[in-house]
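Visitor: I should like a close look at a single part of this model. Please take one helix and the residues associated with it, and explain the reasoning behind each assignment.

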Amino acid sequence: MSKALNYGSYLRVDELLQLQTPRSSGPEHDELLFIVIHQVYELWFKELLHEIEYLQRLLCDNDAGRAAHTTRRILAILKTVVAQLDVLETLTPLEFNSFRGFLESASGFQSTQFRELEFILGYKRENVMGHMDDVEDALRRLRRRFEQPTLWDAFLRYLAMNGYAIPTEQLERDVRCPVQASPEVQAQLVEAYRHNATVSNVCEHLIDIDEGLQEWRYRHMKMVQRTIGIKPGTGGSPGAAYLGSTLKPFFPDLWAIRAHL
């Protein structure tokens, strides 16, 4: 007879706690913290992808109420993700350097799920797939995400369903391309802000998501600067210089209209 399901077996805690395997000699005390933080990040990335996919479906179904609820959950997760940097920043440069060499070529730059997040939010660059580990499943997931519509595409369809004249070339754009600003879309957004509280609230929820992700990028960049300065990141990645170059909005039209409201 099989054992009754309990907390440990449902969450597979025994397996989970075996996944932290420091590589340093000793091992160094602080390597465990580094591993746990980054594994937790990957779990949150998984949940963020899950919620953003759901948000896409809700927008395509014109369900603004559930979309707002889902956005609040996404924002709560983003605040948690940012707060984890407070823990990681307790790691001093000397403590990090005590095990940094054992990371070899491993780098957060190689996080497939974070690249998936960028892609689903519209920041698509085919060349980044060349920097990923040659792991067939990871590359397949990333390629699939690259070929799929973004959250912005779902939002444009939501606008069209609510009577806004979104240009056909925007609704049928090549979803493999990065999201670009559109004066025609901006004109419709201004109308929505002035005359439709429900639609403008959805717009503000997307701005919240964009700002939350930019906050995480900024805090991540400052944490890297605080820990390794201007040196290259682990695995030879560009480090803080690259992170600084990514501080740009995912939804440029929603930011551009601020000057016209």
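Guide: The following account concerns helix α3 and the residues linked to it by contact or by annotation.

The model is predicted. Helix α3 comprises residues 31–60, and its length can be checked against its geometry. At 1.5 Å a residue, its 30 residues should span 44 Å; the C-alpha atoms at its ends lie 44 Å apart, so the expected and computed values agree. Just after α3, Asn62 adopts a positive phi of about 60°.

One residue of helix α4 makes contact with residues in the range of α3. Thr70 belongs to helix α4, which runs over residues 64–88. Leaving aside residues up to four places away in sequence, Thr70 touches Glu51, Tyr54, Leu55 and Leu58. The spacing of these partners may be read with a general rule in mind. An α-helix has 3.6 residues a turn, so residues three or four places apart point the same way. Thr70 itself has a relative accessibility of 1%; because the cut-off for buried is under 20%, Thr70 counts as buried.

Annotation also leads back to α3. In the unreviewed UniProt entry, the feature "binding site" covers Phe34, Ile35, Val36, Ile37, His38, Arg100 and Thr234. Of these, His38 lies in helix α3, whereas Arg100 is located in helix α5 (residues 93–100). His38 has 31% relative accessibility and therefore counts as partly exposed, a class that lies between under 20% and over 50%. Arg100, at 17%, falls under the 20% limit and so counts as buried.

Notes: Residues numbered from 1 in each chain as written. Predicted model: local features only at pLDDT ≥ 70, side-chain atom pairs only at ≥ 80, totals over all residues. Heavy atoms only, no water. Helix = DSSP H or I, 4+ residues; strand = E, 2+ residues; numbered from the N terminus. Buried < 20%, exposed > 50% of the residue type's maximum accessible area, 1.4 Å probe, protein only. Contact = heavy atoms within 4.5 Å. Expected span 1.5 Å × (residues − 1). UniProt positions renumbered as here; feature names shortened; annotations may be inferred.
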